Amino acid sequence: MNRRDFLNASLAVTATAAFSRHAHAHPLAVPTDASMPPVDVAGARFPKGFHWGTATASYQVEGAWKEDGKGESVWDRFAHTVGKVKGGDTGDVACDSYHRYKEDIAIMKQLNQKSCRFSVSWPRIQPTGSGAVNQKGLDFYSRYVDALLEAGIRPMCTLYHWDLPQELEDKGGWPNRDLVNLFADYAGIVTKTLGDRVTTWAIFNEPWVFTYLGYGIGIHAPGKKDVNLFLKASHTVNLAQGQAFRAMKAASPKAKVGSAFSMSPGAPATDSKADHAAADRYHAINNVFFLHTAIYGEYPKAFVGEPPYDVMGVKEGDGKIMQVPLDWVGINYYNRHTISNAPHGEPHTQFDAVMPAVGPLTYMGWEVWPRGLYDIITQISKEYNRPIIEITENGCSYLDSPLAEDKGGVPDQRRINYYRDHLAELARAIKDGADVRGYHAWSLLDNYEWAEGYGQRFGLVYVDFRDQKRTIKNSGHWYSKVAAANHLNV
Ligand code: NOJ
């Protein structure tokens with residue numbers, strides 16, 4: 001590695017530590033509650049009509065990457081670029097759900113599911129990201145929604161789960177403000193077509209993740225590494241969220257529109273004022289940078305000193321564009337962080353975020369910390385005046401695989417424990433006043449885990465990627481009983 005590469009690599013690591021939930025465990029940063037708090041499984045209660053569900057995303061499961069007129073997406077391009085994804089894995093085939101969706105929906109039905117969170121691939125609908133609509137793409141999602149409704153499952157449709165049409169990236173991608181209206185057009189098209197049957201919509205999935213990992217540190221598509229691009233992209237996305245919301249309501253007045261945000265509670269590493277202030281900045285940029293803007297029409301206090309609004313391209317009147325009364329707030333929860341002040345860290349935010357390792361680690365290396373789900377739900381519920389919340393994702397990767405045919409099943413007790421304990425903490429948050437209407441396990445199927453390729457398995461259902469055979473894991477059977485019983489004593 002020459003000096004320049006070395007510097008780049010070190011900068012990337014610093015930046016990751018400063019912003020990311022993907023930071024490595026740091027044994028010194030463990031807060032004082034250094035043991036797994038007990039959870040109340042037997043006492044867990046869920047409201048009547050609670051939406052038990054699973055989640056997937058287009059690029060991660062569909063495959064058929066150039067079928068029926070679909071255009072190229074940034075993830076197609078990224079995955080096809082040597083060295084970007086572990087093992088050179090691509091989503092070209094993935095779980096082949098584009099062809100096997102009926103089988104997948106039959107599995108959801110068998111598992112007593114009440115809600116299915118899926119995403120629409122923008123380049124299936126508009127292959128180049130603007131202009132003419134590809135009817136075959138729309139027809140696919142129309143059939144998908146019909147099949148869900150027939151199975152008695154609520155469709156929860158996410159409009160953007162990271163597969164930007166490549167042609168829009170070639171025009172600058174999310175840092176380019178033109179995407180605000182292009183995205184709103186796309187949102188209107190899909191809502192108009194499916195809005196007679198779909199009422200629950202998420203605009204974006206994890207806007208912080210795709211802007212920061214994609215433009216800030218380059219470990220996701222489109223692989224750019226520039227903090228200023230991240231800042232610009234995040235502002236375009238905030239504006240696009242507002243404009244899409246309006247376009248969707250115009251296309252379908254009964255639409256209930258929210259977004260799914262990645263959220264990871266951050267506790268100050270010490271009681272110092274500086275660490276507390278750092279934890280507030282972390283929360284502002286990592287958790288609510290795309291929620292606060294919608295609710296209040298202004299950015300939360302994420303920065304040290306003068307906010308970089310010039311770099312972000314903020315213009316007068318933008319607050320009004322960003323501000324929309326989201327009907328519900330989606331939370332994707334995986335782990336927690338400990339935050340300390342870092343004056344020499346990333347210049348605008350100056351904090352260091354590390355993931356503790358008190359709880360056991362999953363195969364992703366993420367700490368299992370069920371209490372974090374309680375903490376983030378109750379924090380958001382308090383801060384934003386008790387909004388309707390949906391848990392849009394929560395889950396874990398373990399590699400357990402099927403036993404021999406005659407023995408049957410996939411023994412994945414760790415995943416059962418994971419869900420049981422998180423759900424107990426979710427029930428406690430509801431008991432303490434949060435208005436949570438649904439929960440979506442990530443994921444229905446083992447699938448394409450972005451830069452990790454097929455090396456991670458998050459599914460309740462095992463997928464053999466050699467022949468696409470699906471096998472329900474023990475956790476899937478367990479979750480099915482929970483969904484039917486509406487409690488955890490199963
Ligand atoms: C968040 C993302 O929305 C999803 O695409 C991803 O697979 C899971 N988390 C697990 O990392």
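**Notebook: charged pairs, ligand site and backbone oddities**

I began with Arg 197, which is partly exposed at a relative accessible area of 22%. I note at the outset that I am working from a predicted model, and I number residues from 1 along the chain as its sequence is written.

**Entry 1, salt bridges.** I searched the whole structure for salt bridges and found 23. I looked up the partner of Arg 197 and found a salt bridge with Asp 196, in which the closest N and O atoms are 3.0 Å apart. I then checked Asp 421, which forms a salt bridge with Arg 420, again with the closest N and O atoms 3.0 Å apart. I compared the burial of these two partners: Asp 421 counts as buried because its relative accessible area is 15%, under the 20% cut-off, whereas Arg 420 is partly exposed at 25%.

I turned next to Lys 473 and Asp 446, whose side chains meet in a salt bridge of 2.8 Å, N to O. This pair links distant parts of the chain, 27 residues apart, with Lys 473 in the loop between β13 (469-472) and α17 (474-485) and Asp 446 in the loop between β11 and β12. I looked up the accessibility of each and found that Lys 473 counts as buried at 0%, and that Asp 446 also counts as buried at 0%. I also traced shared partners and found that salt bridges join Asp 146, Asp 196 and Arg 197 into one network.

**Entry 2, a buried acid without a salt bridge.** Which side chain of opposite charge is nearest to Asp 163, and how far away is it? I found that it is Lys 70, at 6.5 Å, and that Asp 163 is buried yet has no salt bridge. The reasoning is short: a salt bridge needs the nitrogen and carboxyl oxygen within 4 Å, and the distance to Lys 70 is 6.5 Å, so I do not count this pair. I looked for a polar partner instead, and found that the side chain of Asp 163 makes a polar contact with the side chain of Ser 58 at 2.6 Å. I placed Asp 163 in the loop between β3 (154-160) and α7 (166-170). Leaving out residues up to four places away in sequence, I listed what Asp 163 touches: Ser 58, Tyr 59, Ser 73, Val 120, Ser 121, Trp 122 and Pro 123.

**Entry 3, the ligand.** I counted 14 residues surrounding the ligand, and the closest of them are Gln 60, Asn 205, Glu 393, Glu 449 and Trp 450. I then looked up polar approaches to ligand oxygen atoms, and noted that a polar side-chain atom of His 161 lies 2.8 Å from an oxygen atom of the ligand. For Asn 205 I likewise found a polar side-chain atom 2.8 Å from an oxygen atom of the ligand. For Glu 393, an N or O atom in the side chain is 2.7 Å from an oxygen atom of the ligand. I checked the cover as well: taken alone the ligand exposes 300 Å², and the protein buries 99% of that.

**Entry 4, cis peptide bonds.** I looked up omega and found that a cis peptide bond joins Ala 221 and Pro 222, with omega about 5°; I placed Pro 222 in the loop between α9 (207-216) and α10 (227-251). I also found that the peptide bond from Trp 442 to Ser 443 is cis, with omega near 10°, and that Ser 443 lies in the loop between β11 (435-442) and β12 (461-464).

**Entry 5, positive phi.** I noted that Ala 64 has a positive phi of about 45° although it is not a glycine. I found Ala 64 in the loop between α2 (58-61) and α3 (74-79), and at 7% relative accessibility it counts as buried. Is Arg 386, which is not a glycine, of positive or negative phi? I found a positive phi, of about 55°, for this residue of the loop between α15 (371-383) and β10 (388-394), and I recorded Arg 386 as partly exposed, with a relative accessible area of 48%.

**Entry 6, Val 288.** I placed Val 288 in the loop between α11 (273-287) and α12 (292-296), where it counts as buried at 2% relative accessibility. Leaving out residues up to four places away in sequence, I found that Val 288 touches Met 263, His 283, Thr 293, Pro 300, Ile 380 and Tyr 384. I also looked up Trp 208, 80 residues from Val 288 along the chain, and found their C-alpha atoms separated by 9.0 Å.

Note on methods
Predicted model: local features only at pLDDT ≥ 70, side-chain atom pairs only at ≥ 80, totals over all residues. Heavy atoms only, no water. Helix = DSSP H or I, 4+ residues; strand = E, 2+ residues; numbered from the N terminus. Buried < 20%, exposed > 50% of the residue type's maximum accessible area, 1.4 Å probe, protein only. Lys, Arg positive; Asp, Glu negative; His and termini not counted. Polar contact = N/O pair within 3.5 Å; in protein donor to acceptor, adjacent residues only side chain to side chain. Contact = heavy atoms within 4.5 Å. Near = heavy atom within 4 Å. Areas by Shrake-Rupley, 256 points an atom, 1.4 Å probe, with all protein chains shown as cover.
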